[in-house]
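Got your viewer open? Load the model below, and let's walk through it one selection at a time.

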Amino acid sequence: RVLAMAVTPGDRMGLGEGQFKVNRPTEIRPVMPNQVTEGDNFEAGFNIMNRTPQKRQLTVTLSAQGVIDTAEGQKTRQVSQTLEIEPFKRATVWLPLKTTEDGLIRLTARGGDALDQDGMVHTIVVQKRYRLETAATYGSTVAPTVFERILFPQDIRTDVGQVSLMLSPSVIGNIEGAFRYLRDYSYSCWEQVLTRGVMASHYNNLKAYLAEDFTWPDSEHLPRSMLERAAEYQAPNGGMTYFIAQDSYASPYLSAYTALAFNWLRKSGYEAPAAVEEKLHEYLLTMLRRDVMPDFYTKGMASTVRAVALAALADPGKISLSDLQRYQPHLPQMSLFGKAHFLLAALGVKGSDTIRTEVCNRILAHANQSGGKFVFSEVIDDSYARILSSALRTNGAVLSALTAYGFSGQGKQFVGDIPFKLVRTITQSRKNRDHWENTQENMFCMNALIDYSRGYESEPPDMTLRVLFDAAEMGRAEFTDL
């Protein structure tokens, strides 16, 4: 684009402009790998284009110097080639190279004919060759003294890699976000009101694990005010509803979940309204003994919800061994969430040892272990969303069940260190979030963490840890509380 301006000494002024296009008759571009490492064999290429309407004979010369393998006594590798290139077509010339170490390779390309020539210099950075291997050891302990020794391989590189040690007095941490999520939750159906009230109770139970600057001002009275509202959401038949307290809106799962939540609150010192709880238990007992499930409940959903009801009724002693035996044949149909609650129900009924063993084996059949984590998975149909199902909620329920089973004499051999690894799965599943996905996940995951802390972290820690490299101390840490 050309711009011309004319100005007189007085007041005259003129402006004009014009455009025209130009092309290099010859153009060279580099064709290189994205990255090169010491010891690599590769071909460095340069692409040459004939940007004229006539066929041309173009001679291309490539040369390279730097950290490359060359003939004895030479510092440069070179290749020259003459190509016949059609109008507006491209061709590529290659120079084979082998790198000898990390550093730089300087490539020079020239090409053209008597009409026109082009040239350029291109630099390649050759990276060091190394392969990082990661090894980790992990675990938890209550032993008075523990030594963990690490042997370094001989002749390892000294310019890459690191050693790190991460220590914690608890596997439970960074849970403020879950409480913040429910503390600030503003929706008002019964499931959400109930979950928020129970979570406020859990906040008071887990203060030792929380940052001192995180507070929930009304957490003390919120569980009681929630329990006082329970009657507003109870249908005449005793079932719980999400919004409208009518029999046609009573939800079997919500009713069973409510009975479970009342049990959790009782352990924290809160009492549910006696009239509400009594009617609720009668509704659940009727659901166990008669087919009153909604039409959209599949057999798997129905057996799963009945398992939750059994777990809720076992705690106050409302079911017997015969109730468990009646539903034992339904175990294969239950989801993992249902199996976990069937195990919790069996733990609350005497004489159910064989049932506990069967349920535990069925749960463990869905386990996958990798990298210090344990996760339970299954394939269920989309209809389970009607009872608020999710994989994380299921793993939270399984953690509660296996933690309880592990503290029975019979279950210790089955459970082992699975709860510890499952806690790691649940706490790390949030990824970049500080809470879980929804109210049910936050409730069952947090409830499982509380069950774990009561079982495995009931004593305050008193730990001193030292890290030595040979005789030199690299670091020291002490823990006197959670």
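Start by selecting strands E6 (residues 56-66) and E7: they run antiparallel and are joined by 10 bridges. Two strands count as paired if DSSP finds at least two bridges between them. Helices (H or I, at least four residues) and strands (E, at least two) are DSSP runs, numbered from the N terminus. Zoom in on Thr-59, and you'll find Thr-82 of E7 opposite.

A quick word on what you're looking at: this is a predicted model, where local features need pLDDT of at least 70 and side-chain atom pairs count only at pLDDT 80 or more, while totals for chains, interfaces and linings use all residues. Residues are numbered from 1 along each chain as its sequence is written, and side-chain values use heavy atoms, leaving out hydrogens and water.

**Across the five-stranded sheet**

Keep E6 selected and add strand E9 (residues 103-112); eight bridges join these two, again running antiparallel. Here Thr-61 faces Arg-110 in E9. Next, add strand E10 (residues 117-127), which pairs with E9 in the antiparallel sense over 10 bridges. Gly-111 stands opposite Asp-118 in E10. Follow the chain from E9 to E10 and you'll pass through a hairpin of four residues.

Now show the whole open sheet: its five strands come in the order E4-E10-E9-E6-E7, with mixed pairing. At the edges are strand E4 (36-37) and strand E7 (76-85), each pairing on one side only.

**On to the three-stranded sheet**

Which strands form the open sheet of three? Select E3, E5 and E8, in that order; their pairing is antiparallel. Strand E3 (26-31) and strand E8 (90-98) each have a single partner strand, so one side of each has no neighbour in the sheet. On average, neighbouring strands here are turned by 20° against each other, direction ignored. (Axes are lines fitted to C-alpha atoms, for helices over the stretch in contact, and angles run from 0 to 180 degrees between N-to-C directions.)

Look at E3 beside strand E5 (residues 41-50): six bridges pair them in the antiparallel sense. Arg-29 is the residue to click, with Asn-47 in E5 opposite.

**Over to the helices**

Select helix H9 (residues 353-364) and helix H10 (residues 391-406), which pack at an angle of about 135° with axes 12 Å apart. That makes H9 oblique to H10; angles under 35 degrees count as roughly parallel, over 145 as roughly antiparallel, 65 to 115 as roughly perpendicular and the rest as oblique. Show the side chains where they meet (contact means heavy atoms within 4.5 Å): Arg-356, Thr-357, Cys-360, Ile-363 and Leu-364 in H9 touch Val-398, Leu-402 and Tyr-405 in H10.

Keep H10 and swap H9 for helix H13 (residues 439-456). H10 and H13 pack at about 20°, their axes 8 Å apart. The two helices are therefore roughly parallel. The contact includes Leu-392, Ala-397 and Leu-399 of H10, and Phe-444, Ala-448 and Tyr-452 of H13.

**Zoom out**

Finally, show everything: the protein has 13 helices and 14 strands. Its radius of gyration is 36 Å, well over the 23 Å that the globule rule gives for 482 residues, so the protein is more spread out than a compact globule. (That radius is taken over C-alpha atoms, and the globule rule is 2.2 Å times the number of residues to the power 0.38.) Along the principal axes, the C-alpha trace spans about 105 × 75 × 55 Å.
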